[in-house]
Every structure is written in C-alpha cells, then in structure tokens.
Amino acid sequence: MATKRDIDYVDAFPPTMEALARGEVLLVSTDGQDHSSGMVIGWGSIGIIWGRAIFTAFVRPSRHTYSLMEATEDFTVNVMSPEFKQAVSFWGKASGRDQDKWAKTGLLPTPSRHLRSPIVEQGILHFECRTVHRHDLVPANLAPEIGHAFYASGDHHKVYYGQILACYGI
Ligand SMILES: Cc1cc2nc3c(=O)[nH]c(=O)nc-3n(C[C@H](O)[C@H](O)[C@H](O)COP(=O)(O)O)c2cc1C
C-alpha cells in the first residue's frame with residue numbers, strides 16, 4: 001500500500017460527512033484475535049470532547065460489529081470512494097457473523113498504526129479511534145418522534161466515543 005499522508009481531522013470533516021450521507025463509510029473492529037470485520041455506518045460525528053478529537057459512532061447491539069467493538073475497545077473509520085459501491089453495499093447488508101466480508105468483496109484489512117483494529121486498504125481516508133467512553137441510549141429520554149421512527153422494535157444504539165489517534169488518507 002502506498003504511504004498515506006497525515007490529514008488534520010478538521011480538514012477530514014467535510015468529506016467524511018458527505019461520505020456518511022452517501023453510505024460510503026465503513027467502521028471496522030476486531031475481536032483482538034484473528035477476526036476482524038465491520039459494517040457501513042451512516043451516522044457519526046467528529047468534534048472535541050475532553051480536550052480530545054473524538055469520532056462518535058452509533059452501533060446497534062444486534063450487529064456483529066457490536067461484539068467486536070465491545071471486545072477490543074478500538075475501531076477504525078474508513079471512507080471509501082464510489083468505485084467500491086458494490087463491496088460497500090455488501091458490508092451494509094450481510095453480517096460478519098456468517099460471512100467473511102473481506103473475502104467476499106476483495107476489500108483488504110491492513111494493519112493500522114496504533115490499534116488492533118485494521119483499516120480498509122482501499123479506503124481514501126481513515127480515522128484510528130480508541131474507545132474512551134460508550135453508553136447506551138436512554139429510550140425514555142428520546143424525543144418521541146425519534147423513538148417511533150428509529151426504535152419501534154428496540155435495538156437501541158450504543159454510542160461509542162473514539163479518541164482519534166490518527167487521521168490519514170490519499
Ligand atoms: C447506509 C447505511 C448506513 C448504516 N448505518 C448504520 C449505523 O450507523 N449504525 C448501525 O448500527 N448500523 C448501520 N447500518 C446497518 C449495518 O451496516 C448492517 O446492519 C450490517 O449488515 C451489520 O453488519 P454486522 O452484523 O456484520 O455488524 C447501516 C447500513 C447502511 C446500508
């Protein structure tokens with residue numbers, strides 16, 4: 001893989017928000033052994049909390065990726081270009097519980113700089129994140145219209161706050 005250049009996470013904000021809206025972002029984590037996998041995320045934010053740059057991701061407990069996030073407390077966020085639309089679509093439909101998403105799509109796990117979770121080699125922008133806080137949504141505290149629209153069958157997201165240890169891309 002060609003060396004990717006460091007990018008200020010503030011400069012990475014606009015393309016990442018645009019890619020989230022287009023469904024072109026993959027979150028990847030690992031069980032800390034020999035298994036890594038991930039999924040498409042459409043929600044997320046980047047900001048400053050506790051004096052640190054933080055990527056916030058929302059993961060439902062029903063996801064296989066959730067078990068990986070819980071196992072290792074680190075994850076990567078990978079922005080993909082439109083040419084990988086088909087592969088990314090598979091990552092947003094299938095579950096890593098019963099499919100090897102890497103093998104099925106040809107996307108390649110590559111060691112990250114600081115984490116046990118790999119990055120997606122073909123990605124154009126990467127965030128390496130260490131989970132510094134996580135919490136469950138509180139159903140009773142959700143605005144009713146959001147509860148009805150997104151949680152009619154439960155499976156409330158867990159919110160992960162990942163300190164951005166590195167941000168780089170092409
Ligand atoms: C455009 C798009 C955005 C998504 N965003 C999220 C998200 O932010 N959080 C989440 O838990 N699932 C999200 N999903 C659903 C997961 O990507 C999907 O359920 C995936 O198959 C889970 O895989 P896993 O079981 O291997 O973790 C999204 C799916 C799509 C297509």
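A nonpolar core is a set of buried Ala, Val, Leu, Ile, Met, Phe, Trp, Tyr and Cys residues joined through C-beta atoms within 7 Å. The model discussed here is predicted.

Q: Which residues touch the most other members of the largest nonpolar core?
A: Leu26, Leu27 and Phe55 do, in a core of 32 residues. Strand S5 gives the most to this core, with 5 residues.

Q: What makes Gly38 and Phe75 contacts of Leu27?
A: Two residues are in contact if their C-beta atoms lie within 7 Å. Leu27 touches Gly38 and Phe75, and also Met39, Ile41, Ala57, Thr65 and Val77, when residues up to four places away in sequence are not counted.

Q: Why is Trp50 called exposed?
A: A residue is exposed if 12 or fewer other C-beta atoms lie within 10 Å of its own. Trp50 has 10 such atoms, and is therefore exposed. Trp50 lies in the loop between strand S4 (45-49) and S5, and its phi is near 55°, a positive value in a residue other than glycine.

Q: Why is Asp155 called exposed?
A: The cut-off is 12 or fewer other C-beta atoms within 10 Å. Asp155 has 12 and therefore counts as exposed. Asp155 belongs to the loop between helix H5 (144-150) and strand S10 (158-169). The phi of Asp155 is positive, about 55°, although Asp155 is not a glycine.

Q: How do you know that strand S6 and strand S9 pair?
A: Pairing requires at least two bridges between the strands. S6 (residues 74-79) and S9 (residues 125-136) are joined by 6 bridges and run antiparallel, so the definition is met. Phe75 stands opposite Cys129 in S9.

Q: How do you know that S9 and S10 pair?
A: At least two bridges are needed, and S9 and S10 have 11, in the antiparallel sense. His133 has Tyr161 in S10 as its bridge partner.

Q: What makes up the shell around the ligand, by class?
A: The shell holds 7 nonpolar, 8 polar and 4 charged residues. Gly counts as polar in this scheme. In total, 19 residues surround the ligand, and the closest are Gly23, Gly42, Thr65, Gly92 and Ser95. The elements that give two or more residues to this shell are strand S3 (36-40), strand S5 (52-59) and helix H2 (64-72).

Q: Which element gives the largest share of the shell around the ligand?
A: The largest share comes from S3, with 3 residues.

Key:
Residues are numbered from 1 along each chain as its sequence is written. This is a predicted model: local features need pLDDT of at least 70, side-chain atom pairs count only at pLDDT 80 or more; totals for chains, interfaces and linings use all residues. A residue is near a molecule or strand if its C-beta atom, placed from the backbone, lies within 6 Å of it. Helices (H or I, at least four residues) and strands (E, at least two) are DSSP runs, numbered from the N terminus. A residue is buried if 20 or more other C-beta atoms lie within 10 Å of its own, exposed if 12 or fewer, and partly exposed in between; C-beta atoms are placed from the backbone.
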